[in-house]
Amino acid sequence: MTELKATAPQSTADLASTVHGHGHRLTPQRHAILEAVRKAGGHLTPEAVYARVHARQPAISRATIYRTLDFLCELRLVVAMQWGGQKYYEAAGEQPHHHLVCHTCGAIEQIDHTLVETLFATVDKKYHFSIDMDHVALFGLCATCRKTIGAARG
Ligand SMILES: [Zn+2]
Ligand SMILES: [Zn+2]
């Protein structure tokens, strides 16, 4: 279970307060990056985001896009996750969601927040630890792979 916390440069905090001060207004560049992630409607690698944005706005550098993705994560407009050594970004929905990731075939299934909410609440009660993860990957074996492995074992 891994969640990436944006390791953004210090200036990002200043940017965040600036954006908050302006009622969450985003610069056209940031807006273009956010829109690219939204329109893709799934999980994108930073490289995929770059390809999409760069096609429309060749002036935007890779570094700017990567920084902006972390910044958008801080604003919770975008959620990030890491699996298979690769970072993925996705537009944040109205409700948090999580994923079941098959480590054999790589299939990704989306699950509702209510399913993990109970676990989070229990942890809070028992350990007084407040989990603030809004995009979690739970790794395991999907139904198809379980069948295949079951069949192989006879
Ligand atoms: Zn997701
Ligand atoms: Zn599988």
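Here a colleague and a modeller talk through how some features of this predicted model are named.

Modeller: Residues are numbered from 1 along each chain as its sequence is written. As this is a predicted model, local features need pLDDT of at least 70 and side-chain atom pairs count only at pLDDT 80 or more, while totals for chains, interfaces and linings use all residues.

Colleague: What pLDDT does the chain average?

Modeller: The average is 83, and 83% of the residues score at least 70, where pLDDT is the predictor's confidence in each residue, from 0 to 100. Over residues 1–16, though, pLDDT is below 50. Where pLDDT is low, the predicted coordinates should not be read in detail.

Colleague: How do you know that the span of helix α5 agrees with the expected one?

Modeller: Helices are DSSP runs of H or I, at least four residues, and strands are runs of E, at least two. The expected span is 1.5 Å times one less than the number of residues, so the 15 residues of α5 (residues 113–127) should span 21 Å; the end C-alpha atoms are 20 Å apart, which agrees.

Colleague: Why is α5 called hardly covered?

Modeller: A buried residue has 20 or more other C-beta atoms, placed from the backbone, within 10 Å of its own. In α5 the count of buried residues is 0, so by that definition no residue there is buried.

Colleague: What makes β3 and β4 a pair?

Modeller: Pairing takes at least two bridges found by DSSP. Strand β3 (residues 97–102) and β4 are joined by 5 bridges, so they pair, and they run antiparallel. V101 stands opposite I108 in β4.

Note on methods
Chains are lettered from A and ligands numbered from 1 in the order in which they are written. A residue is buried if 20 or more other C-beta atoms lie within 10 Å of its own, exposed if 12 or fewer, and partly exposed in between; C-beta atoms are placed from the backbone. Two residues are in contact if their C-beta atoms, placed from the backbone, lie within 7 Å.
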